[in-house]
Amino acid sequence: GPCTECSCSSGKETDKAASNTKKKDNGDRSFIPKIFFGTRTHKQISQITRELKRTAYSRVPMTILSSRDYTCIHPVVSSSGSNRNEMCVELLEGKHGKSCPYYHAVHKLSEHYAQQSAHGMYQAWDIEDLVSLGKKLRACAYFAARELMVGADIVFCPYNYLLDPQIRESMEINLKGQVVILDEAHNIEDCARESVSYGVTESQLRAAREELDFMVNNNIRQKDHEPLRAVCCSL
């Protein structure tokens, strides 16, 4: 039906708007694109969701994609340093005979928001709200946010989740036919450079050169390792 929240509700759908409405292959239902809203920092997402609560669209299904640094609630993993991703993967794979009980309860968060929506109590939320609820229900906020993306109309995330192809693939983000909004887009150049850049220390270069020296001196794939050694030496 027509929109009831703005001035377009009184007018008829234009030919251009009609042509932009896509049909699903398996039926007559219209394809409604998601809105991917990219920001420079997680703090800005908090500001935007706070403003969203004040609008007529505060009950629109949404989610926020962020790293484990902001959403992990496992007491051991969340208190670790920079290897949270590795520790999380090890728990999910059960490498040490242990699994993550919070991951297996992800459905609790999804069901909570589904019930809120069904009873007309759904409101836009922030990362802190999701994490707090995750701790209360003992459910993983990180994977819950990803699961909520399926039914979300608005997806908030940092720039690199949209620009970096590796992150897009790992987060299963498909931008084809979707709406992309980039807040403060003048920062995109710096973010794009960071996405295709990598930093190494001098000690790391020295260690790499020593290992490559060993490979070359012992005739281990010498043709492959000699050019790499030359790069390390030049740097």
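**Exercise 1. Place Ile 188 in the structure and decide whether it is buried or exposed.**

Solution. In this predicted model, Ile 188 belongs to helix α11, which covers residues 188–195. The next step is its accessibility. The relative accessibility of Ile 188 is 17%, and a residue is called buried under 20%. Ile 188 is therefore buried.

The third step is to list its partners. When neighbours within four places in sequence are set aside, Ile 188 is in contact with Tyr 159, Leu 163 and Leu 182. A final step compares sequence with space: Ile 188 and Thr 39 are separated by 149 residues in sequence, yet their C-alpha atoms are 9.5 Å apart.

**Exercise 2. Determine how the 235 residues of the protein are arranged overall.**

Solution. Begin with the secondary structure, which consists of 13 helices and six strands. Next, consider burial: 31% of the 235 residues are buried. Then turn to the surface. The protein exposes about 15,700 Å², and 51% of this area comes from carbon and sulfur atoms.

Last, examine the contacts between residues at least 6 apart in sequence. Of these contacts, 71% join residues at least 24 apart.

**Exercise 3. Establish to what extent helix α8 is covered, and by which elements.**

Solution. Helix α8 spans residues 141–148. Of its eight residues, seven are buried, and the helix is thus mostly covered. The buried residues are Ala 141, Tyr 142, Phe 143, Ala 144, Ala 145, Arg 146 and Leu 148.

The cover over these residues includes strand β4 (62–64) and the helices α3 (68–71), α5, α6 (106–118), α7 (127–137) and α10 (165–170).

A residue of β4 illustrates this arrangement. Thr 63 lies in strand β4. Its relative accessibility is 0%, so Thr 63 counts as buried. Beyond residues up to four places away in sequence, Thr 63 touches Trp 125, Ala 145, Leu 148, Met 149, Ala 152, Ile 154, Val 155 and Phe 156. Two of these partners, Ala 145 and Leu 148, are among the buried residues of α8.

**Exercise 4. Describe the largest cavity by its volume and its lining.**

Solution. The count of cavities of 30 Å³ or more comes to one. The largest cavity has a volume of about 100 Å³. Its lining is formed by 13 residues, and those nearest its centre are Cys 72, His 74, Cys 88, Cys 100 and Cys 140.

To relate the lining to the secondary structure, note that α5 (84–93) and α8 each contribute at least two residues. To characterise the lining chemically, divide it into classes: 11 residues are nonpolar, one is polar and one is charged.

**Exercise 5. Describe the second largest pocket, and identify the element that gives the most to its lining.**

Solution. The volume of this second largest pocket is about 540 Å³. Its lining has 24 residues, of which Lys 34, Met 149, Val 150, Gly 151 and Glu 172 lie nearest the centre. Two elements, β2 (30–31) and α8, give two or more residues to this lining. Helix α8 gives the most, with three residues. By class, the lining of the second largest pocket holds 12 nonpolar, four polar and eight charged residues.

Glu 172 deserves a separate step. This residue sits in the loop between α10 and β6 (179–182). The phi of Glu 172 is positive, near 60 degrees, in a residue other than glycine. With a relative accessible area of 65%, Glu 172 is exposed, since the cut-off for that class is over 50%.

**Exercise 6. Check the span of helix α12 against expectation, and examine Asn 219, which follows the helix.**

Solution. Helix α12 has 16 residues, 202–217. The expected span is 1.5 Å times one less than the number of residues, which gives 22 Å for α12. The C-alpha atoms at its ends are 22 Å apart, so the model agrees with the expectation.

After α12 comes Asn 219, in the loop between α12 and α13 (222–234). Asn 219 is not a glycine, although its phi is positive, at about 55 degrees. The relative accessible area of Asn 219 is 56%, and the residue is therefore exposed.

How values were computed
Residues are numbered from 1 along each chain as its sequence is written. This is a predicted model: local features need pLDDT of at least 70, side-chain atom pairs count only at pLDDT 80 or more; totals for chains, interfaces and linings use all residues. Side-chain values use heavy atoms; hydrogens and water are left out. Helices (H or I, at least four residues) and strands (E, at least two) are DSSP runs, numbered from the N terminus. Buried means under 20% relative accessible area, exposed over 50%, partly exposed in between (1.4 Å probe, protein chains only). Contact means heavy atoms within 4.5 Å. Accessible areas come from the Shrake-Rupley method with a 1.4 Å probe; for residues, only the protein chains shown count as cover. On a 1 Å grid over the protein atoms alone, a cavity is a set of points where a 1.4 Å probe fits but cannot get out, and a pocket is an open set with protein on both sides within 12 Å along at least five of seven lines; lining residues have an atom within 4 Å of a point. Grid points are joined across faces, edges and corners, and a volume is the space filled by probe spheres set on the points. Ala, Val, Leu, Ile, Met, Phe, Trp, Tyr, Cys and Pro count as nonpolar, Asp, Glu, Lys and Arg as charged, and the others, Gly among them, as polar.
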